[in-house]
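Me: I should like to go through this structure and ask, term by term, what justifies each description. Please set the values against the criteria as you reply.

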Amino acid sequence: MALILQDICLDLDSFKLEVSLEAQGPVTALFGPSGSGKTSLLDAIAGLRPPRSGRIQIGRHVLADAAQKFFLPARQRGIGYVPQDLALFPHLTVRQNLLYGYRQPETGKPSLEHVVDVLEIKPLLPRSVQQISGGEQQRVALARALLTAPRLLLLDEPLAKLDLPLKLKILPYLARIRDEFRIPMLYVTHDRLETLSLATEMAVIIRGRIAQKGTVQDVFNRPATVDVAALLTIETIQSGRVVSRQGDLVRVAVGPKELSATEANLPLVGTEVYVCIRAEDVILVPGPDAPSSARNHLSGVVQAITRTGAVMRVDIDCGFPLAALITRQALEELALVPGRPVLALVKAPHVHLIRR
Amino acid sequence: MMTGETWQIVWFTVWVSILSTLCIIPFGLAAAWWLARVECRGKSLIETVISLPLVMPPVATGLILLRLLGRRGPIGGFLHDHLGLSVAFTWRAVLVSLGVMSFPLLVRSARAAFEGVNPRLEQVASSLGAGPFRVFFSITLPLATRGVTAGILLAFARALGEFGATIMVAGNIPGQTTTLSLAIFQSVQLGQDTTAFRLLGISTVLAFAAVWCGEWLTRRRKN
């Protein structure tokens with residue numbers, strides 16, 4: 001069942017949110033910086049705030065239609081909403097929280113035992129929600145929403161407040177929910193890791209507008225605008241100019257260097273572009289330049305090495321700043337330290353051009 | 001020594017105060033919830049009207065009530081003509097004046113308590129399928145218990161001590177509308193100091209018991 005948002009318009013404090021979106025699921029990430037209107041959009045879908053105009057549907061089931069002045073109350077929408085602050089009821093136990101919206105399951109819908117098992121919260125049931133840890137609260141809030149047998153789950157940055165190790169522990173639970181219960185999810189986040197590990201489709205929302213939508217692969221590989229690229233934290237974004245075309249390759253001048261790129265629609269010579277290179281697409285080689293299948297060979301000097309999550313980020317100056325992500329083992333084998341010369345290889349299809 | 005008359009006054013004061021507090025609880029909580037959660041035009045006007053008895057001289061409030069509830073007043077007249085009920089200068093007038101005078105205290109405390117409940121909790125409760133009444137009784141009210149209890153107690157204490165409005169609309173009819181406060185005033189007027197001090201002692205004990213009860217209730221809730 002697809003969630004369909006048709007010309008939704010909401011008046012927010014400093015801007016207007018205008019969104020049309022069809023989310024086919026299983027998990028659609030709504031990706032955007034904080035303050036871009038994501039939570040307000042979830043509120044509108046959940047029935048907590050009426051849109052000024054537009055229609056909201058799940059499959060053929062209409063939840064709101066501003067033109068008809070029709071707004072189904074939140075309690076009749078059958079939507080499981082896990083807000084950012086979880087909103088567990090502090091005066092109730094974990095069990096009472098779970099049972100608050102529990103409906104006797106129809107066949108194939110999640111049962112209490114099943115949900116409690118999958119999320120591993122059985123030992124928490126008699127405890128007060130104020131006595132359990134952040135990660136546990138997260139799972140309880142998810143379970144509570146699941147137990148209403150919802151048609152759709154809305155998750156508002158469910159992992160934003162957790163540190164990385166805890167995040168890595170909760171992510172598999174979310175993946176289990178996706179695979180076990182097959183409830184479509186709209187997942188608000190501004191985290192790459194969460195998006196890549198859970199979502200199949202994504203919509204990038206910037207200041208109340210959808211800047212790009214598509215499969216996660218497509219959006220990450222081919223960001224439509226430089227704003228989207230920056231938001232997806234594509235590490236290297238440089239301005240350049242197309243200098244020549246050779247068959248299905250173009251040569252782009254970036255600072256003192258020239259890069260080869262290949263695009264479905266090759267830009268004309270002279271076009272001003274942004275050159276985007278994801279750090280995980282950069283290969284580092286210690287020795288002198290040698291022939292390779294990668295079209296771009298960039299010699300440079302290591303500027304800085306920092307740890308980001310499980311991998312190391314190496315910043316290189318090769319006439320323009322370029323970032324590479326490599327494993328700790330690779331870093332040790334290459335004996336990379338700041339100041340050391342290094343060769344960076346990038347395949348032409350990994351050099352993505354966005355017209356300026 | 002406690003005479004039968006004194007007992008009657010104490011008993012009357014206590015039960016009419018309890019009854020008036022019980023009567024205003026549903027309306028007070030409804031008004032408090034409305035003020036805490038609903039945004040609309042004219043809200044500040046209603047807010048002011050509810051608070052009026054708190055800031056106006058009680059005697060003036062009593063006069064307004066007398067106008068309304070008297071046999072020729074709009075409400076009193078209706079009740080007398082259609083139901084045969086007299087209100088002014090009966091125990092019913094005491095009940096009404098205590099209720100009106102303590103109403104704003106209940107509303108103020110309860111409103112602050114409701115405003116302290118995170119609306120997100122109510123919203124999530126409704127998305128879990130709860131209707132407005134269930135949301136109120138299962139989420140809002142339990143989380144606001146302390147403030148609401150305090151408000152009820154404050155209202156009860158105010159009712160126990162009410163004087164100005166009561167004497168206007170209910171008079172001071174021995175055995176019928178005389179409350180503790182009225183009796184204290186009367187005995188001082190008549191120079192019966194012993195009676196006055198005995199009544200004073202009783203009202204101190206009552207006030208003390210009410211406050212202590214409240215403390216005990218809120219503490220028990222907390223644990």
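Me: What makes up chain B, in helices and strands?

Reply: Chain B has 11 helices and zero strands. Read along the sequence, its pattern is α-α-α-α-α-α-α-α-α-α-α. This is a predicted model. The C-alpha atoms of chain B fill a box of roughly 65 × 45 × 30 Å along the principal axes.

Me: How do you know what share of chain B counts as buried?

Reply: A residue is buried if 20 or more other C-beta atoms lie within 10 Å of its own. Of the 223 residues of chain B, 39% count as buried. As for contacts between residues at least 6 apart in the sequence of chain B, 74% join residues at least 24 apart.

Me: How is the packing of helix H1 of chain B and helix H5 of chain B described?

Reply: Two packed helices are described by the angle between their axes and the distance between the axes. For H1(B), residues 4-37, and H5(B), residues 91-115, the angle is about 35° and the axes are 6 Å apart. The contact of H1(B) with H5(B) has 19 nonpolar, six polar and three charged residues.

Me: Is the crossing of H1(B) and H5(B) left-handed or right-handed, and what makes it so?

Reply: The crossing of H1(B) and H5(B) is right-handed. The term applies because the near helix is turned clockwise from the far one.

Me: Why are strand S13 of chain A and strand S14 of chain A called paired?

Reply: Pairing requires at least two bridges between the strands. S13(A), residues 249-254, and S14(A), residues 257-261, have five bridges, in the antiparallel sense, and therefore pair. Across this pairing, A:Val252 stands opposite A:Leu259, and A:Val250 stands opposite A:Ala261. The hairpin has two residues between the strands, and A:Gly255 takes a positive phi near 55° there.

Me: Which side chains along S13(A) are buried, and which are not?

Reply: The side chains alternate: A:Val250, A:Val252 and A:Val254 point to one face and are buried. A:Leu249, A:Arg251 and A:Ala253 point to the other face and are not buried. A:Ala253 has A:Arg241 opposite, in the pairing where five bridges join strand S12 (residues 236-246) of chain A to S13(A) in the antiparallel sense. The hairpin of S12(A) and S13(A) also has two residues between its strands, with A:Gly247 at a positive phi near 60°.

Me: What makes S14 and strand S21 of chain A the edge strands of their sheet?

Reply: The open sheet has five strands in the order S14-S13-S12-S15-S21 (chain A), with antiparallel pairing. S14 and S21 (352-355) each pair on one side only, and they are the edge strands. The twist averages 45° from one strand to the next. At the S21(A) end, four bridges join S21(A) to strand S15 (residues 272-277) of chain A, and A:Val275 stands opposite A:Leu353.

Me: Where do the domains of chain A lie, and how many residues of each make the contact?

Reply: Chain A is divided into domain 1 (3-228) and domain 2 (234-355). Their centres, taken over C-alpha atoms, are separated by 37 Å. The contact takes six residues from domain 1 and seven residues from domain 2. On the domain 1 side these are three nonpolar, two polar and one charged.

Me: How many residues does each chain give to the contact between chain A and chain B?

Reply: Residues count as in contact if their C-beta atoms lie within 7 Å. The contact takes 15 residues from chain A and 14 residues from chain B. The chain A side divides into nine nonpolar, three polar and three charged residues.

Terms used:
Residues numbered from 1 in each chain as written. Chains lettered and ligands numbered in written order. Predicted model: local features only at pLDDT ≥ 70, side-chain atom pairs only at ≥ 80, totals over all residues. Axes fitted to C-alpha atoms, helices over the stretch in contact; angles between N-to-C directions. Nonpolar A, V, L, I, M, F, W, Y, C, P; charged D, E, K, R; others polar. Contact = placed C-beta atoms within 7 Å. Domains from an automatic or database assignment. Buried ≥ 20, exposed ≤ 12 C-beta atoms within 10 Å, placed from the backbone.
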